[in-house]
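Student: Please show me how to read a helix and the loops beside it.

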Amino acid sequence: MPDQEKTRKNSIERKRSYLFLSMILLVWNLVATANHALQNSFQNLPQTPGETPVSAASKSLPPQTIIPETHEESISVRQKYLLGKQIDINKASIEEFSSLPGISSAMAAAIVEERERSGGFNSPNELMRVKGIKEKRLEKILPFLKKIAE
């Protein structure tokens, strides 16, 4: 009998500890959710007096339309790409190409040289004519390239 009672007490203690752990996780999730909601609500508040809050409609626009024209100079080229900026491979400078992921300044110069030699690119796939650009690297930079009008 004492063994059965001991086993029963252990079972009850185990259930209590599971319940206690579940309560801790529940409280943790509630606090994290409330914190997240508060942070999101503070992002919509005006930053300076007289400034209007950001509307939900402007949040749904592509990121490049949200960037104010007056502050565009203060954003680095890499930050512009992260915000959704795309470059035209027939007009981009060496600096713009070299800021793309996986493109060094030497490779950017080779791209510009190939563009000038061939008179421009008809599609992004033609970038593979440049030494060092294979399918994998091309796939990496495709999201940053504007579609070429036919």
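Student: What phi does Gly 119 take just after α6?

Tutor: Gly 119 has a positive phi of about 85°. Helices are DSSP runs (H or I, at least four residues; strands are E, at least two), numbered from the N terminus. This is a predicted model: local features need pLDDT of at least 70, side-chain atom pairs count only at pLDDT 80 or more, and totals for chains, interfaces and linings use all residues. Residues are numbered from 1 along each chain as its sequence is written, and side-chain values use heavy atoms, with hydrogens and water left out.

Student: Which residues of α6 are buried?

Tutor: Buried means under 20% relative accessible area, exposed over 50%, and partly exposed in between (1.4 Å probe, protein chains only). In α6 the buried residues are Met 107, Ala 108, Ile 111, Val 112, Glu 114 and Arg 115. They lie on the same side of α6 because they cover an arc of only 160° around the axis, taken from the directions from the helix axis to the C-beta atoms.

Student: Which exposed residues does the face turned away from that buried side carry?

Tutor: That face carries Ser 105, Ala 106, Glu 113, Glu 116 and Arg 117.

Student: Where does Glu 126 lie, and is Glu 126 buried or exposed?

Tutor: Glu 126 is in the loop between α6 (105–118) and α7 (135–141), and is buried at a relative accessible area of 18%. Its side chain reaches the backbone nitrogen of Asn 122 at 3.0 Å.

Terms used: A polar contact is a pair of N or O atoms within 3.5 Å; within protein, one must be able to donate a hydrogen and the other to accept it, and residues adjacent in sequence count only if both atoms are side-chain atoms.
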